[in-house]
Amino acid sequence: MTSLLQIRAIASIDLTFVLPFVDTLNVGGNQLFGTLPTELGWLTDLRELIIFENGFTGQLPKEMGAVESLERIVAFLNFFSDSPRAFLGTLPNLSEMDFNDNLLSGAIPGELFASSSLRSIALARNTLTGGIPVTDSSLPNAEFINLEANLLGGSLPTEIGALTSVTSLSLGSN
């Protein structure tokens, strides 16, 4: 298996050359821009998508909802917009997602908080609105939740107390 595909200092990505057995795609810290290609959904063995500090816009391609091997997405400091994709909460192996410092807006999908695999969820410094979609069965394995510096409102759900594995919960500046 390929352990790392790292592309540096290129203006765009053409994933048609990438074989489906790539398990890590790292293009973090480049000057890449535009929307992510739908071909990311072809990377059926992808475990890590590291795309921080670029100029990516739009949303993750919906085709990524089929990449059930995905464990980690590091996408901070981009220009992703709209609300986070609901399918992220249904990926069975996704344990870490970091979308801090983007342009995410709208409500946090309840599917994200229904995930049993997520251990770390970072959505700080966006413009997310609405409440925190916590239920009694939310995020049973979560250890780190960072939702600070958004536009979240309403009262703090009492179900927050059911998040017994959480060791760090950041909700400030909402």
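How many bridges join strand 7 to strand 9? I looked this up before anything else: two bridges join them, and the strands run parallel.

**Ground rules**

I'm working on a predicted model, where local features need pLDDT of at least 70, side-chain atom pairs count only at pLDDT 80 or more, and totals for chains, interfaces and linings use all residues. Residues are numbered from 1 along each chain as its sequence is written, and side-chain values use heavy atoms, with hydrogens and water left out.

**Entry: the whole chain**

I found one helix and 14 strands in the chain. Helices (H or I, at least four residues) and strands (E, at least two) are DSSP runs, numbered from the N terminus.

Of the 174 residues, 45% are buried. Buried means under 20% relative accessible area, exposed means over 50%, and partly exposed is in between (1.4 Å probe, protein chains only).

The chain exposes about 7900 Å², and carbon and sulfur atoms supply 53% of that. These areas come from the Shrake-Rupley method with a 1.4 Å probe; for residues, only the protein chains shown count as cover.

I also checked contacts (heavy atoms within 4.5 Å). Among those with a separation of 6 or more, 46% are between residues 24 or more positions apart.

**Entry: the sheet**

I traced an open sheet of six strands in the order 3-5-7-9-11-13, with parallel pairing. Its edge strands are strand 3 (33-35) and strand 13, each pairing on one side only. Two strands pair if DSSP finds at least two bridges between them. Note to self: strands of a sheet pair through backbone hydrogen bonds, either parallel or antiparallel.

Then I went along the sheet, one pair at a time.

- Strand 5 is joined to strand 7 (residues 79-82) by two bridges, running parallel; Thr57 has Phe79 in strand 7 as its bridge partner.
- For strand 7 and strand 9, my opening pair, I noted that Asp82 stands opposite Leu104 in strand 9.
- Strand 9 (residues 103-107) and strand 11 (residues 127-130) are parallel and share three bridges; here Ser105 has Thr127 as its bridge partner.
- Strand 11 is joined to strand 13 (residues 151-152) by two bridges, also parallel, and Gly130 stands opposite Leu152.

**Entry: the cavity**

How many cavities of 30 Å³ or more are there? I got one. A cavity is a set of points on a 1 Å grid over the protein atoms alone where a 1.4 Å probe fits but cannot get out, and lining residues have an atom within 4 Å of a point. Grid points are joined across faces, edges and corners, and the volume is the space filled by probe spheres set on the points.

The largest cavity has a volume of about 70 Å³. Its lining includes Gly58, Phe80, Arg85 and Leu104. By class I counted six nonpolar, four polar and one charged residues. Ala, Val, Leu, Ile, Met, Phe, Trp, Tyr, Cys and Pro count as nonpolar, Asp, Glu, Lys and Arg as charged, and the others, Gly among them, as polar.

Leu104 turns up twice in my notes: in the cavity lining and opposite Asp82.

**Entry: two odd phi angles**

Most residues other than glycine have a negative phi. Glu53, not a glycine, has a positive phi of about 50°. I found Glu53 in the loop between strand 4 (48-50) and strand 5 (55-58), partly exposed at 38% relative accessible area.

Ala149 isn't a glycine either, and has a positive phi of about 60°. Ala149 is in the loop between strand 12 (144-146) and strand 13, and is partly exposed at 26% relative accessibility.

Conventions:
1 Å grid on protein atoms, 1.4 Å probe; cavity = no way out; pocket = protein on both sides within 12 Å on 5 of 7 lines; lining within 4 Å.
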